[in-house]
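Colleague: I am new to this structure and should be grateful for a guided discussion. May I put some questions to you, one at a time?

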Amino acid sequence: MPDIASRLGVARSTAFQWVRHIPLDSDVGAAERRRAHSRAMTDARWGTHRVQTAQRRQGARDVGQAVVEELTERDLALLGAVIFWCEGTKEKPWRANDGRVTITNTDPRLLRIFIRFLESVGVSRSELSYRVSIHETADPDEAARWWAAELDVPLECFRKATMKRHRPTSTRHNQGEGYHGCLVVTARRRRELYWRIEGIIDELDRRTGAASAGEPR
């Protein structure tokens, strides 16, 4: 279509109206050559931009990594509290805390940080319970093995997986070999730890609010 429009000096839409009744070229080789040409043109146009973007991204990552130094117990306390308040199961007016500290996430990096926080307050990895939450089209046993290796925890600490019903019309993208479901990590009989986290969040809120208002801390 672009070739026709270019040779005749007309708009592509006009060329399309002229030839839309003609079946597409059945020559597989010719079609592949056109696709290869299109890919080459795209790479030539965007290749430099992609390289520059990758370099800028790595530069920003280097700056971010340089911010992090040796983590103190205080650092871990703040990180753990914020992670839990974002991703954990919190007390509600209609549901009191039952003494558990539970977090659910799909990112092993975040869970590793949270587990390290739990260790810093005296909760060992073997004390925790782990449960995979995954769609029924996936393999829960394989997912559990993957999570156990990622977090360096005993497979024996994993409870029976929670299976989610699969919807054939779903447009979710977390499928295939890279899909390992969510992991639910629970520390039982830790009501005081929950209260401590709650206190950290309240104090962070107070201090950031005071700082933004220009009040003395």
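**Questions on a predicted model**

Modeller: Proline 154 is a convenient place to begin: its relative accessible area is 35%, so proline 154 is partly exposed. Please bear in mind throughout that this is a predicted model.

Colleague: Where does proline 154 lie, and how far is proline 154 from valine 63 in space?

Modeller: Proline 154 is placed in the loop between α6 (140–151) and β3 (162–164). Along the sequence, proline 154 and valine 63 are 91 residues apart. From C-alpha to C-alpha, the distance between the two in space is 35 Å.

Colleague: What is the phi of aspartate 152, and is aspartate 152 buried or exposed?

Modeller: Aspartate 152 also has its place in the loop between α6 and β3. Most residues other than glycine have a negative phi. Aspartate 152 is not a glycine, yet its phi is positive, at about 55°. With a relative accessible area of 62%, above the 50% cut-off, aspartate 152 is exposed.

Colleague: Where is arginine 189, and what is its phi?

Modeller: Arginine 189 sits in the loop between β4 (182–187) and α7. Its relative accessible area is 76%, so arginine 189 is exposed. Although arginine 189 is not a glycine, its phi is positive, at about 55°.

Colleague: How far apart are the end C-alpha atoms of α3, and on which residue is its kink centred?

Modeller: Helix α3 has 40 residues, and at 1.5 Å a residue these should span 58 Å. The C-alpha atoms at its ends are 54 Å apart, which agrees with that expectation. There is nevertheless a kink of about 50° in α3, and its centre is tryptophan 46.

Colleague: Where does valine 68 lie, and which residues make the nonpolar surface patch?

Modeller: Valine 68 is in the loop between α3 (28–67) and α4 (73–87). Its relative accessibility is 55%, so valine 68 counts as exposed. Valine 68 contributes to a nonpolar surface patch of about 430 Å², whose members are Val67, Val68, Leu71, Leu79 and Ile113.

Colleague: Is leucine 118 buried or exposed, and how far is leucine 118 from leucine 193 in space?

Modeller: Leucine 118 belongs to helix α5 (residues 108–120). At 1% relative accessibility, leucine 118 counts as buried. Leucine 118 and leucine 193 are 75 residues apart in sequence, while their C-alpha atoms are separated in space by 9.2 Å.

Colleague: How many disulfides are there, and why is cysteine 157 not bonded to cysteine 182?

Modeller: A disulfide is a covalent bond between the sulfur atoms of two cysteines, and the cut-off applied here is 2.5 Å between those atoms. The closest cysteine sulfur to that of cysteine 157 belongs to cysteine 182 and is 20 Å away, too far for a bond. For cysteine 182, the nearest cysteine sulfur is that of cysteine 86, at 16 Å, and cysteine 182 is in no disulfide. The count of disulfides is therefore zero.

Colleague: Are cysteine 157 and cysteine 182 buried or exposed?

Modeller: The cut-off for a buried residue is under 20% relative accessible area. Cysteine 157 has 16% relative accessibility and so counts as buried. Cysteine 182, at 17%, likewise counts as buried.

Colleague: How many salt bridges does the structure hold, and which residue pairs with glutamate 119?

Modeller: Side chains of opposite charge can pair when their charged atoms come close. The structure holds eleven salt bridges. One of them joins aspartate 98 to arginine 100, with the closest N and O atoms 3.4 Å apart. At 2.8 Å from N to O, the side chain of glutamate 119 meets that of arginine 125.

Colleague: How far apart along helix α7 are arginine 207 and glutamate 203, and which residues are joined into one network by salt bridges?

Modeller: Arginine 207 and glutamate 203 form a salt bridge whose closest N and O atoms are 2.9 Å apart. The two are four residues apart in helix α7 (residues 191–213), which means that about one helical turn separates them. Elsewhere, salt bridges with shared partners make one network of Glu32, Arg35 and Arg39.

Note on methods. Residues numbered from 1 in each chain as written. Predicted model: local features only at pLDDT ≥ 70, side-chain atom pairs only at ≥ 80, totals over all residues. Heavy atoms only, no water. Patch = residues over 30% accessible without salt bridge, like charges linked within 9 Å, V, L, I, M, F, W, Y side chains within 5 Å. Areas by Shrake-Rupley, 256 points an atom, 1.4 Å probe, with all protein chains shown as cover. Salt bridge = Lys/Arg side-chain N within 4 Å of Asp/Glu carboxyl O. Buried < 20%, exposed > 50% of the residue type's maximum accessible area, 1.4 Å probe, protein only. Expected span 1.5 Å × (residues − 1). Bend = angle between axes of the 7 residues up to and from the residue.
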